[in-house]
Amino acid sequence: MNTATATATADGFAAVESVSAAVSARRRSAELEEEIRRTPERFRVMTGDRPTGPLHLGHYFGTLHNRVRLQDLGVDVFVIIADYQVLTDRDVADRLTGHMEAMLLDYLAVGIDPARSTVFNHSAVPALNQLMLPFLSLVSVAELNRNPTVKDEIAHSRQSAVSGLMFTYPVHQAADILFCKGNLVPVGQDQLPHLEVTRTVARRFNERYGAVFPEPDALLSAAPLLLGTDGTKMSKSRGNSIALGATADETARLIKGARTDAERHITYEPETRPGVSSLVLLAALCLDRDPHAVAEEIGGGGAAALKRTVAEAVNARMAPIRARRAEYARDMGYVRSVLRAGNERAVEIAGATLDEVRGAMGGVL
């Protein structure tokens with residue numbers, strides 16, 4: 001078998017495994033939702049964001065809304081502001097403090113309750129980051145090198161050269177999840193390979209040193225993909241997003257400039273009309289309606305009517321969030337105190353976990 005054939009065969013097997021893993025994760029997620037409703041206190045969720053820019057509507061409908069839902073159900077939710085991981089795909093962590101404070105404002109505005117959820121940042125919890133060393137000893141270079149999520153992140157990296165930190169990114173995420181013994185991680189399907197690294201690390205540590213860590217489950221998000229104003233995936237780094245902190249006028253202007261197509265009649269057909277359909281979907285999500293019904297109502301009104309409908313729907317949905325954000329912004333002392341309190345809890349938990357790891361490893365660390 002030549003190299004090209006071997007590579008194609010390996011890629012084929014990987015694709016089959018990926019589909020199988022996704023099917024299994026969807027089945028397990030349905031089971032988990034039932035368990036959460038029955039006994040939410042059994043679960044600890046670990047999730048978070050990198051402070052690389054403003055959170056946007058894709059974050060709100062993709063993850064933030066779900067975090068609040070889980071918190072309100074009674075799940076113990078940990079939200080990490082992953083400041084150390086900013087350096088995985090860029091040379092400089094610029095405007096870090098500003099991005100972190102803006103993220104805190106967004107969290108509070110959408111309904112993250114510091115009395116029921118723990119918000120903290122990487123750099124404030126040294127014991128968490130210290131777990132990376134033993135965890136790195138549990139995975140091979142080959143395993144990290146073939147992680148498809150890492151490959152995609154490398155392809156979109158802003159660095160002049162890919163750093164070693166990029167390859168250790170999944171292991172750092174394993175430390176994020178396992179330091180607090182998180183057993184539930186809300187993810188999109190593209191993040192399943194990262195979570196599998198965490199499960200591998202937990203399993204191998206337990207086999208080698210004794211049972212310390214849970215093998216966390218993926219809770220697959222049902223949130224559909226929202227495209228940015230340029231028709232590609234909405235992203236902080238691509239400049240195509242609508243920030244949660246945007247004003248009503250800014251939101252309307254950005255939506256007015258969004259890419260659509262030449263066909264006047266509005267329909268919801270994500271496969272063939274992605275730009276138009278993403279706008280229809282955004283309006284439907286904001287209005288809590290079926291996207292097909294929204295499209296049918298706009299009908300022959302064309303792109304102008306579609307964009308007007310979307311702007312009105314988004315601004316109505318975001319109005320109370322913007323009001324809460326502005327209120328919190330008037331008391332940044334309180335906002336910073338939320339992070340301090342979260343850091344204190346995370347430090348205490350990480351220290352206890354590290355002590356447990358040291359004991360299991362015979363005091364190696």
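In this predicted model, a search of the whole structure turns up eight aromatic pairs. One of them joins Tyr-60 and Phe-61, whose ring centres lie 4.9 Å apart; the planes stand at 80 degrees to each other, so this pair is edge-to-face. The cut-off behind that label is an angle over 60 degrees between the planes. Both partners sit away from the surface: Tyr-60 is buried, with a relative accessibility of 6%, and Phe-61 is likewise buried, at 13% relative accessible area.

A second edge-to-face pair is formed by Phe-78 and Phe-120, with 6.3 Å from centre to centre and 75 degrees between the planes. Here the two rings come from separate strands: Phe-78 belongs to strand S2 (residues 76–81) and Phe-120 to strand S3 (residues 117–121), so the pair ties together parts of the chain that are 42 residues apart in sequence. Phe-78 counts as buried, its relative accessibility being 0%, and Phe-120 is buried too, with a relative accessible area of 0%. Elsewhere, ring pairs join Phe-135, Phe-205, Tyr-209 and Phe-213 into a cluster.

It helps to place these pairs in the chain as a whole. The secondary structure of the protein chain consists of 14 helices and five strands. Of its 365 residues, 48% are buried. Among contacts with a separation of 6 or more, 76% are between residues 24 or more positions apart.

Two helix pairings can be looked at in detail, beginning with H11 and H12. Helix H11 (residues 274–287) packs against helix H12 (residues 291–298) with the axes 8 Å apart and an angle of about 110 degrees. This angle makes H11 roughly perpendicular to H12, since the range for that description runs from 65 to 115 degrees. The crossing of the two helices, H11 and H12, is right-handed. On the H11 side, the contact involves Val-280, Leu-281, Ala-283 and Ala-284, which meet Pro-291, Val-294 and Ala-295 of H12. By class, the contact of H11 with H12 comprises seven nonpolar residues, with no polar and no charged ones.

The second pairing brings together helix H10 (residues 248–256) and helix H13 (residues 302–329), whose axes come within 9 Å and cross at roughly 150 degrees. H10 and H13 are therefore roughly antiparallel to each other, as angles over 145 degrees are counted that way. The crossing of H10 and H13 is right-handed. H10 contributes Ala-248, Thr-251, Ala-252, Ile-255 and Lys-256 to the contact, while H13 supplies Lys-307, Val-310, Ala-311, Val-314, Asn-315 and Arg-322. Sorted by class, the contact of H10 with H13 has six nonpolar, two polar and three charged residues.

Finally, a loop residue offers another view of how the chain folds back on itself in space. Asp-190 is found in the loop that runs between strand S4 (184–187) and helix H9 (192–209). With a relative accessible area of 47%, Asp-190 is partly exposed. Its C-alpha lies 8.5 Å from the C-alpha of Pro-148, although Asp-190 and Pro-148 are 42 residues apart in sequence.

Conventions: Residues are numbered from 1 along each chain as its sequence is written. This is a predicted model: local features need pLDDT of at least 70, side-chain atom pairs count only at pLDDT 80 or more; totals for chains, interfaces and linings use all residues. Side-chain values use heavy atoms; hydrogens and water are left out. Rings of Phe, Tyr and Trp (its six-membered ring) pair if their centres lie within 6.5 Å; planes under 30 degrees apart count as stacked, over 60 as edge-to-face and the rest as tilted. Buried means under 20% relative accessible area, exposed over 50%, partly exposed in between (1.4 Å probe, protein chains only). Helices (H or I, at least four residues) and strands (E, at least two) are DSSP runs, numbered from the N terminus. Axes are lines fitted to C-alpha atoms, for helices over the stretch in contact, and angles run from 0 to 180 degrees between N-to-C directions. Angles under 35 degrees count as roughly parallel, over 145 as roughly antiparallel, 65 to 115 as roughly perpendicular and the rest as oblique. A crossing is left-handed if the near helix is turned anticlockwise from the far one by less than a right angle, and right-handed if clockwise. Contact means heavy atoms within 4.5 Å. Ala, Val, Leu, Ile, Met, Phe, Trp, Tyr, Cys and Pro count as nonpolar, Asp, Glu, Lys and Arg as charged, and the others, Gly among them, as polar.
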